[in-house]
Amino acid sequence: MVFKPGSLFLILFLSGFTVCQSQETGKMMIVIIDGARYSETLGDPTHTYTPEMWSLTAQGTMVDHFTNDGITKTYRAIPALWAGAWTEVIDTIYQGSETQYAKLPSIFEYYRKQKNRPADDCFYILKYISSLWLPSFDPDYGPGFWPEFHSVGSTDEDVVTETQWVMDNYHPHFMWVYLADVDHAGHSGNWTTYTAAIRTADSIVGVLWQKLQSDPFYKDSTTLIVTNDHGRHDDQHGGFKGHGDGCEGCRHIQFLAVGPGIKKDFVSTTDRSIPDMAVTASSLLGIDPEKASGNIMHEIIDVTGIDEGVEPKFVLHGSYPNPFCSSTSINYYLREASQVYLQVFNLKGESITTLLNERQIPGEKSIKWDATNKRGQKVSPGVYSFTLHIGQQKTSGKLVFAGE
Ligand SMILES: [Zn+2]
Ligand SMILES: [Zn+2]
């Protein structure tokens, strides 16, 4: 935005509501339920053990095809959830204890460095563990940007009590809540213990959502994401007692998101996997996870109403030639490094092809469409539209294919 000094007050006054809204949506709570199988959580059509999370799906988005596409073990999948990428973990000794750290930076480090936020704005809350796994020592990020770890108590109930205490006393913008009991209960081999732990985790999610709604600081400005690191063997591959291989039960996990920027009452069937979680959360937090490899889950983000009042990340120059015979180019200028997603639709709104889904560096861009669909076949002459998503921002335009 360009202001003349004299008009600054008036512009702020006129646009005050939208400016505040866009700045205030950037709060986030991520809850990880370790080792809950999809068939006992949101993948269970009866929702026997997860009534709270099921009721939240009406207010948000559930991703039906979310998977652990790497190693279905906690010590590898949790760092992947942090980093938005499958990262190496490296043995180390830290403050006298043997532990491991992640090679790639975490979403906490990106958040604290890029937003210039203190540690007590970014909490990681979990039950007591004698030696924590550590985020990265990346030279651009590292310990100076780690979250504030609160490792307390011995059960998931202790973790939720601590989380509420942290919310009341610090009001952090970013919280990561790690619930370990479901995995431990699964390894016990006792079905009743395992499903009881899922019920408890589910009720904790309900309590935390209510807490977010009851505090004006968080209400309507906080996204809640609930997911897990891995599932458990399906019944053909050893059952719920263990996990760690590539069976459907180990890979298929749940993903639930609720909040102001998330589509409501939506079940997404797009295939997504662990690295996409932190990258999507970063987009909602307004940060750039520059070393991550996941993609933003555009299909779950509600773009209505968030364009206004936000500094545009791009300038659309339109498409040329248009109408066109053999091919046309969609041209835009990108102001900052962003995840860019460009799709072409027909008049019925059906997706014809995806021209781009990648991170781009700033600069002038020109993306060609040769009037073919995703199978490479020429489409029929007519009117098409394109949608360009840049981070959370979106624009669209018409493309008229006159035929060759
Ligand atoms: Zn386990
Ligand atoms: Zn398995």
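1. Does N295 count as buried, exposed or partly exposed? N295 has 19 C-beta neighbours inside 10 Å, and burial takes 20 or more, so N295 counts as partly exposed. The model is a predicted one. N295 sits in the loop that runs between helix 9 (275-285) and strand 12 (314-320).

2. The contacts of N295 reach well along the chain. Leaving aside residues up to four places away in sequence, N295 touches D276, V279, Q339 and N357. N295 and V340 are separated by 45 residues in sequence, while their C-alpha atoms are 9.6 Å apart.

3. The domain assignment divides the protein chain into domain 1 (23-300) and domain 2 (314-401). Between the C-alpha centres of domain 1 and domain 2 there are 34 Å. Domain 1 brings 6 residues to the contact and domain 2 brings 7 residues. On the side of domain 1 that touches domain 2, 1 residue is nonpolar, 4 are polar and 1 is charged.

4. The largest nonpolar core holds 81 residues, and V31, V177 and L179 are the ones that touch the most other members. Helix 7 (residues 191-214) contributes the most to this core, namely 9 residues. A second core, separate from this one, has 15 residues, including I330, Y332, L388 and L399.

5. V177 is in contact with M29, V31, I125, V159, T163 and L208, again setting aside residues up to four places away in sequence. Of these partners, L208 is also among the buried residues of helix 7.

6. The length of helix 7 is as expected: its 24 residues should span 34 Å at 1.5 Å a residue, and the end C-alpha atoms are 35 Å apart, which agrees. Its buried residues are Y194, A197, I198, T200, A201, D202, I204, V205, L208, W209 and L212. An α-helix has 3.6 residues a turn, so residues three or four places apart point the same way.

7. Two cis peptide bonds should be noted. One joins Y320 and P321, with omega about -10 degrees; the other runs from N322 to P323, with omega near 0 degrees. P321 lies in the loop between strand 12 and strand 13 (328-334), and P323 is also placed between strand 12 and strand 13. Most residues other than glycine have a negative phi, and most peptide bonds are trans.

8. Positive phi values occur at H47, near 55 degrees, and at Q95, near 50 degrees. H47 is in the loop between strand 1 (27-33) and helix 2 (51-57), and is partly exposed because 16 other C-beta atoms lie within 10 Å. Q95, in the loop between strand 3 (89-94) and strand 4 (97-102), has 8 such atoms within 10 Å and is therefore exposed.

How values were computed: Residues numbered from 1 in each chain as written. Chains lettered and ligands numbered in written order. Predicted model: local features only at pLDDT ≥ 70, side-chain atom pairs only at ≥ 80, totals over all residues. Core = buried A, V, L, I, M, F, W, Y, C linked by C-beta atoms within 7 Å. Buried ≥ 20, exposed ≤ 12 C-beta atoms within 10 Å, placed from the backbone. Helix = DSSP H or I, 4+ residues; strand = E, 2+ residues; numbered from the N terminus. Contact = placed C-beta atoms within 7 Å. Domains from an automatic or database assignment. Nonpolar A, V, L, I, M, F, W, Y, C, P; charged D, E, K, R; others polar. Expected span 1.5 Å × (residues − 1).
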